[in-house]
Amino acid sequence: MTTALTNLLDMDPAQLVAYCGELGEKPFRAKQLQRWIHQFGVSDFDQMTDLAKSLRDKLKTRAEVRAPAIISDHTSTDGTRKWLVDVGQGNAVETVFIPEENRGTLCVSTQAGCAVNCRFCSTGKQGFNRNLTVAEIIGQLWMAEFELRKTKGIEGGPKGERQITNVVMMGMGEPLYNFDHVKTAMLIASDGDGLSLSKRRITLSTSGVVPEIVRIGEETGVMLAISLHAVRDDLRDLLVPINKKYPLKELIAACKAYPGLSNARRITFEYVMLKGVNDSLEDARDLVKLLKGIPAKINLIPFNPWPGSKYECSDWETIEKFADFINDAGYASPIRTPRGRDILAACGQLKSESERMKKTDRLAFEAMMIANHGEE
Ligand code: SAH
Ligand code: SF4
């Protein structure tokens, strides 16, 4: 009979200490192990040379370091790299890396599919399959970081060689419906003996799971993004159906109560531009009114169509007018120059591509939008 190996990627630092304790090892062994795994990307216990041979032998028979397997790996001309990874039972999720001059942002998925079923979202259309495990979430980061280093020829480098500087939970799924796993994954990513990412450089995007919003802030200290998309309950009920359960009033109250909120730590409000649906100047005015008193950034996202989607992307002129209005109201514009070309390209180019590319490009685009306006 074979016993399943314990995947060490599933463990946060405290769990790793407890696990080492079970093996009769001192807590500092857990730190060594954690550094080998998360700072050096080593999964072969034999390469962990400062661990006693007896411990390495124990680990080899009981444990493993296993990220989801890569199904495909594409780099586009602008340097954006997309991986499709296998999360079992015929499920696959995407992870997207967006390199920029001073940062590298990884967009990770938290669920296979999504139950929220936003009208304009292709993931929502697919329905919900299951929550990703901690190892599958942190494994996307782990895999991406060390694949990127490998490409650069700096395999095994210390954390000073880190390629990923920012993480956005903006891939597939509603992160707050997978609270515990997402929380643990974020704590692993920000731990000083791991990749040591600043909490200010980790952004969680939610459709508005109100009871978990303040809690995730308290328990992790990461940055928050809200998929707002509408400023009236009747419209938001339709576009983001979770609004029926947690209407705008409750959502806004939760945002105002978000821990650590300040001008230096603003909430990002995502707002998809849907032609003739939510893109009028009246909407812009109500948006500004709704967010009054909240340190906020507004990300206008041109809608990316997908086969069967019932919406169209707002005209560029409309997006600009909308952006100008919220700019004038004092919000840093998320699509300032050279916004035009880039965004129109992203929005228009999708029409001619395959469905899969559309989805990946949407993710890349979303992550890019946030990366551009995330914290330093
Ligand atoms: N599920 C989470 C995070 C992932 S989606 C959430 O909804 O917040 C990241 C952003 O892309 C969300 O604001 C989402 O509403 C938006 N989005 C989804 N489908 C889109 C599309 N077809 N075009 C533009 N933005 C889209
Ligand atoms: Fe789920 Fe986010 Fe898509 Fe809504 S927009 S269906 S919450 S992935």
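The following exercises, each with a worked solution, concern a predicted model of a protein chain.

**Exercise 1. The chain as a whole**

Determine how many helices and strands the protein chain has, and what share of its residues is buried.

Solution.
Step 1. The secondary structure consists of 13 helices and 13 strands.
Step 2. The chain has 376 residues, and 57% of them are buried.
Step 3. The contacts with a separation of 6 or more are considered next. Of these, 66% join residues that are 24 or more positions apart.
Step 4. The exposed area of the chain is about 15,900 Å², and carbon and sulfur atoms supply 50% of this area.

**Exercise 2. Two loop residues**

Locate threonine 110 and glycine 330, and decide for each whether the residue is buried or exposed.

Solution.
Step 1. Threonine 110 belongs to the loop between strand E6 (104–107) and strand E7 (111–113).
Step 2. Buried means a relative accessible area under 20%. Threonine 110 has a relative accessibility of 1%, and therefore counts as buried.
Step 3. The surroundings of threonine 110 may now be listed. Beyond its neighbours within four places in sequence, threonine 110 has contacts that include Asn131, Leu132, Ile137, Met169 and Met172. Gly173, Glu174, Pro175, Asn178 and Val182 are also among its contacts.
Step 4. Glycine 330 occupies the loop between helix H11 (316–328) and helix H12 (339–349).
Step 5. Exposed means a relative accessible area over 50%. The value for glycine 330 is 58%, so this residue is exposed.
Step 6. Lysine 297 is 33 residues from glycine 330 along the chain, and the C-alpha atoms of the two are separated by 9.7 Å.

**Exercise 3. Salt bridges within one helix**

For the pairs aspartate 57 with lysine 53 and lysine 321 with glutamate 317, give the distance from N to O and describe the position of the partners in the helix.

Solution.
Step 1. The whole structure contains 24 salt bridges.
Step 2. A salt bridge requires a side-chain nitrogen of Lys or Arg within 4 Å of a carboxyl oxygen of Asp or Glu. Aspartate 57 and lysine 53 form a salt bridge with a distance of 3.0 Å, N to O.
Step 3. Both belong to helix H3 (residues 53–62); because they are 4 residues apart, about one helical turn separates them.
Step 4. Aspartate 57 is partly exposed at 29% relative accessibility, whereas lysine 53 is exposed at 51%.
Step 5. Lysine 321 and glutamate 317 form a salt bridge at 3.8 Å, N to O. The two residues are in helix H11, 4 residues apart, which is about one turn of the helix.
Step 6. Lysine 321 has a relative accessible area of 48% and is partly exposed; glutamate 317, at 55%, is exposed.

**Exercise 4. A salt bridge between helices**

Identify which helices are linked by the salt bridge of aspartate 180 and arginine 215, and which network contains these residues.

Solution.
Step 1. The closest N and O atoms of aspartate 180 and arginine 215 are 3.9 Å apart.
Step 2. Aspartate 180 is in helix H6 (residues 179–190) and arginine 215 in helix H7 (residues 210–220); the pair, 35 residues apart, links distant parts of the chain.
Step 3. Aspartate 180 is exposed at 51% relative accessibility, while arginine 215 is partly exposed at 29%.
Step 4. A network of salt bridges links Asp180, Lys183, Glu212, Arg215 and Glu219.

**Exercise 5. A buried side and a charged patch**

State which residues of helix H10 are buried, which elements they pack against, and which residues form a positive surface patch.

Solution.
Step 1. Helix H10 (residues 281–290) has Asp283, Ala284, Asp286, Leu287 and Val288 as buried residues.
Step 2. The buried residues of H10 pack against strand E12 (267–273), strand E13 (296–302) and H11.
Step 3. The positive surface patch consists of Arg119, Lys125, Lys244 and Lys310.
Step 4. Lysine 125 is part of helix H4 (residues 122–126), and its relative accessibility of 58% makes it exposed.

**Exercise 6. Positive phi angles**

Describe phi and the location of asparagine 117 and serine 196.

Solution.
Step 1. Asparagine 117, a residue other than glycine, has a positive phi near 60°. Asparagine 117 is in the loop between E7 and H4 and is partly exposed at 42%.
Step 2. Serine 196 likewise has a positive phi near 60°. Serine 196 is in the loop between H6 and strand E10 (202–206) and is partly exposed at 25% relative accessibility.

Methods: Residues are numbered from 1 along each chain as its sequence is written. Chains are lettered from A and ligands numbered from 1 in the order in which they are written. This is a predicted model: local features need pLDDT of at least 70, side-chain atom pairs count only at pLDDT 80 or more; totals for chains, interfaces and linings use all residues. Side-chain values use heavy atoms; hydrogens and water are left out. Buried means under 20% relative accessible area, exposed over 50%, partly exposed in between (1.4 Å probe, protein chains only). Contact means heavy atoms within 4.5 Å. Accessible areas come from the Shrake-Rupley method with a 1.4 Å probe; for residues, only the protein chains shown count as cover. Patches are made of residues with over 30% relative accessible area and no salt bridge: like charges are joined within 9 Å, nonpolar side chains (Val, Leu, Ile, Met, Phe, Trp, Tyr) within 5 Å. Lys and Arg count as positive and Asp and Glu as negative; His and the chain ends are not counted. The place of a charge is taken as NZ of Lys, CZ of Arg, CG of Asp or CD of Glu.
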